[in-house]
Every structure is written in C-alpha cells, then in structure tokens.
Amino acid sequence: MKKIIVIAAALLMGIQANAQLIFNGGYLHATENISKTTTVAGTSNTQTGSNLLDGFYAGAKYRINLDGITDGLSIAPGANVSFLFGKEAGITDALDDARTTEIALNVPLHVQYLFEITPDFKLEAWAGPTFQYGIYSRTFKGESNPTMLYNLYKEIPIGTNNPLDTIAARNRINLFLGIGLGVEVSELIHVNVGYDFGLLNLSTDPNGKITRGLLRIGLGYNF
C-alpha cells in the first residue's frame, strides 16, 4: 500500500512539474443549419434555414506535457463559458428575426503538439472533443414585451387556431469535434484559430434537425 502511495505521489509531482495553467478566451462565430420535414397528403416537404450568432468565450485549460512519450506532445483538459448573441432567421415565422442570447458551459479535452521554430516562437496544432451543456437560451420578439420572451429549452406554443402547435424544445447537450492551429510566443502568449464541428442534433423534433459549427479565434496566457 505504501509503495502504491509513493508511486502515485511521484506521478502526480511529475505531472505538476510538466503542466501549465493557461487562461484563454476569444471570439466565437456560430453557424446553425436547420431543416424540418413535413408531410401533407402523402407529399413530403423539407424546409431549410440557418442562424448566425456571434459572441465570446473565457476560461482556462491545464496543459500536461507528455515529453516522456514525444517531445512537444501534451493533453489539455479545460473548461470555459461561452456567450452567443444573434437573430433567429430560421424556418418558422413565429421566431423569424427574433433575438437570441445563449450561455453554455464547455469542457474540451484536446491533444496538442508544439513544434519549436525558435525558443521563443512555436507552432501549435490541436484536435479533440468538447462537451457542451446549455445553461441559458432565450429568444424574444419585439424590444421589451416580456410576454414575447421564450425559453428555447422548452416547447414554444405558436398555434393560433390550434393551441397544440409548438416549436420543439432544444437539447441542452452537444458534442463537438474540433481542430485548430496557433502560435506560442515567449512561452507566455498563445494566438490560435480553430473550428468545432457539432456532432449532435439539437432539435427534439423527430422531423427536424439542427446542427451547429463554431469558429473560434482565441488568445491565451500561461500562468
């Protein structure tokens, strides 16, 4: 038992000695592709649309160097909060041009590789998954009428003649697969650009589909 504790402590000390805490943040641009298929009298009709949202993210990651395996290789678990704002320009008249605000928690787990050009300038490439959990997503029609504020994580009634007509709720959970490139300057500053491909359908409508892609431009600082 003592040997196991000693080995675990040694491994932990080794990880800490080869790890860096990096605060990061930057600009986000989200593109949502939307489709919905309806069938009337045996004829199927598919409507398509898209939403564009802009915002930013802020958080931190913990880069653990794996120099014992390959110089420059590391893994980087992290966490950040994203904020997105934009207009719904989708396929439903009820929410056409409505303004949306979204807040989400993101947990990336990236594999990174640093290629040294000079001691003070390194190229960086990364890839890996990011888990996302939606915290807040609201959209509203009009400027200030609270009766027109909708929670996108719940069904939204839109029927006038039929009160059962609704817009399906959105899923809070998404999974992205991302890739990116960047530079590290003076072992302190990071500048990078990346793209996350959304893998899950965000719509709970069995006849609908919403997928999202995220472009990110970020800055980081080694602490």
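Ala, Val, Leu, Ile, Met, Phe, Trp, Tyr, Cys and Pro count here as nonpolar, Asp, Glu, Lys and Arg as charged, and the others, Gly among them, as polar. The model is predicted, so local features need pLDDT of at least 70 and side-chain atom pairs count only at pLDDT 80 or more, while totals for chains, interfaces and linings use all residues. Residues are numbered from 1 along each chain as its sequence is written, and side-chain values use heavy atoms, with hydrogens and water left out.

**Exercise 1. The second largest pocket**

Task: Determine which residues lie nearest the centre of the second largest pocket, and how its lining divides by class.

Solution.
Step 1. A pocket is an open set of points on a 1 Å grid over the protein atoms alone, with protein on both sides within 12 Å along at least five of seven lines; a cavity is a set where a 1.4 Å probe fits but cannot get out, and lining residues have an atom within 4 Å of a point.
Step 2. Grid points are joined across faces, edges and corners, and a volume is the space filled by probe spheres set on the points. For the second largest pocket this gives about 270 Å³.
Step 3. Its lining has 16 residues, and N65, D67, G72, L114 and K122 lie nearest the centre.
Step 4. Two elements, strand 2 and strand 4, give two or more residues to this lining; strands (E, at least two residues) are DSSP runs, numbered from the N terminus. Strand 4 has the largest share, four residues.
Step 5. By class, the lining of this pocket holds seven charged, five polar and four nonpolar residues.

**Exercise 2. The cavities**

Task: Find how many cavities of 30 Å³ or more there are, and describe the lining of the largest and second largest.

Solution.
Step 1. The count is two cavities of 30 Å³ or more.
Step 2. The largest cavity has a volume of about 210 Å³. Its lining consists of 17 residues, with N24, Y57, K61, H110 and R216 nearest the centre.
Step 3. At least two lining residues of the largest cavity come from each of strand 1 (19–40), strand 2 (43–65), strand 4 (98–118), strand 5 (121–140), strand 10 (189–198) and strand 11 (208–222). Strand 4 supplies the largest share, four residues.
Step 4. The lining of the largest cavity has nine polar, five nonpolar and three charged residues.
Step 5. The second largest cavity has a volume of about 80 Å³. Among the residues that line it are E102, Y153, R170, R172 and R212.
Step 6. Strand 5 gives the most to the lining of the second largest cavity, three residues. By class, this lining has five polar, four charged and two nonpolar residues.

**Exercise 3. Salt bridges**

Task: Which residues are joined into one network by salt bridges that share partners, and which parts of the chain do R212 and E32 tie together?

Solution.
Step 1. A salt bridge is a side-chain nitrogen of Lys or Arg within 4 Å of a carboxyl oxygen of Asp or Glu. The structure holds seven.
Step 2. R212 and E32 form one with an N to O distance of 2.5 Å. R212 lies in strand 11 and E32 in strand 1, so the pair ties together parts 180 residues apart in sequence.
Step 3. R212 and E32 are both buried, where buried means under 20% relative accessible area, exposed over 50%, and partly exposed in between (1.4 Å probe, protein chains only).
Step 4. In the bridge between D196 and R216, the closest N and O atoms are 2.9 Å apart. D196 in strand 10 and R216 in strand 11 are 20 residues apart, and both are buried.
Step 5. Salt bridges with shared partners join E32, E102, R170 and R212 into one network.

**Exercise 4. R170**

Task: Where is R170 placed, and is R170 buried or exposed?

Solution.
Step 1. R170 sits in the loop between strand 8 (166–167) and strand 9 (173–185).
Step 2. R170 counts as buried because its relative accessibility is 12%.
Step 3. The side chains of R170 and E32 are joined by a polar contact of 2.8 Å. Such a contact is a pair of N or O atoms within 3.5 Å; within protein, one must be able to donate a hydrogen and the other to accept it, and residues adjacent in sequence count only if both atoms are side-chain atoms.
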